[in-house]
Amino acid sequence: MSRSTVQWPGKGPGASGSGASPVDMLAAQIGKLLRHPAYRRGAIVSPLLLRHLPTDAGYAWNGEAALRARLTTAGLDAASIDHLLRNAQDEFLRLRRPADA
């Protein structure tokens with residue numbers, strides 16, 4: 001997947017430029033992944049994403065603030081954040097596909 005396929009909210013034609021930070025977007029994507037009913041931490045492919053995922057998950061997970069703080073203190077560069085965003089999106093899309101029979 002190329003870098004141009006990352007979905008950056010607030011960017012592109014007609015965007016208001018609300019300015020959510022990349023860490024905020026990453027925390028939102030990870031939260032979306034963690035709340036998916038088919039999410040299993042052990043099935044995550046990316047070692048970097050796995051390193052930054054919290055161990056708890058599910059519909060009741062509400063640790064976005066703690067996750068944002070942890071991601072901010074991790075000092076991730078733009079390339080790492082881009083990698084994490086792409087992989088979180090890829091994992092979420094993989095979970096949405098029908099199970100192999």
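Let me start with the length of helix α1, where a helix is a DSSP run of H or I with at least four residues, numbered from the N terminus. The expected span of a helix is 1.5 Å times one less than its number of residues, so the 14 residues of α1 should span 20 Å, and this agrees with its end C-alpha atoms, which are 20 Å apart. I should say that this is a predicted model, in which local features need pLDDT of at least 70 and side-chain atom pairs count only at pLDDT 80 or more, while totals for chains, interfaces and linings use all residues. Residues are numbered from 1 along each chain as its sequence is written, and side-chain values use heavy atoms, with hydrogens and water left out.

Within α1, the buried residues (under 20% relative accessible area, with a 1.4 Å probe and protein chains only) include Val23, Met25, Gly31 and Leu34. Their cover includes α2 (47–52), α3 (64–73) and α4 (78–96).

Is Gln29, which lies in this helix, buried or exposed? Gln29 counts as buried because its relative accessibility is 18%, and, leaving out residues up to four places away in sequence, Gln29 is in contact (heavy atoms within 4.5 Å) with Leu85, Ala88 and Gln89.

Turning to the largest nonpolar core, meaning a set of buried Ala, Val, Leu, Ile, Met, Phe, Trp, Tyr and Cys residues joined through side-chain atoms within 4.5 Å, we find 21 residues, of which Ile30, Leu33, Tyr39, Leu49, Leu53 and Leu71 touch the most other members. Two or more residues come from each of α1, α2, α3 and α4, and α1 gives the most, with 7 residues.

How values were computed
Buried means under 20% relative accessible area, exposed over 50%, partly exposed in between (1.4 Å probe, protein chains only).
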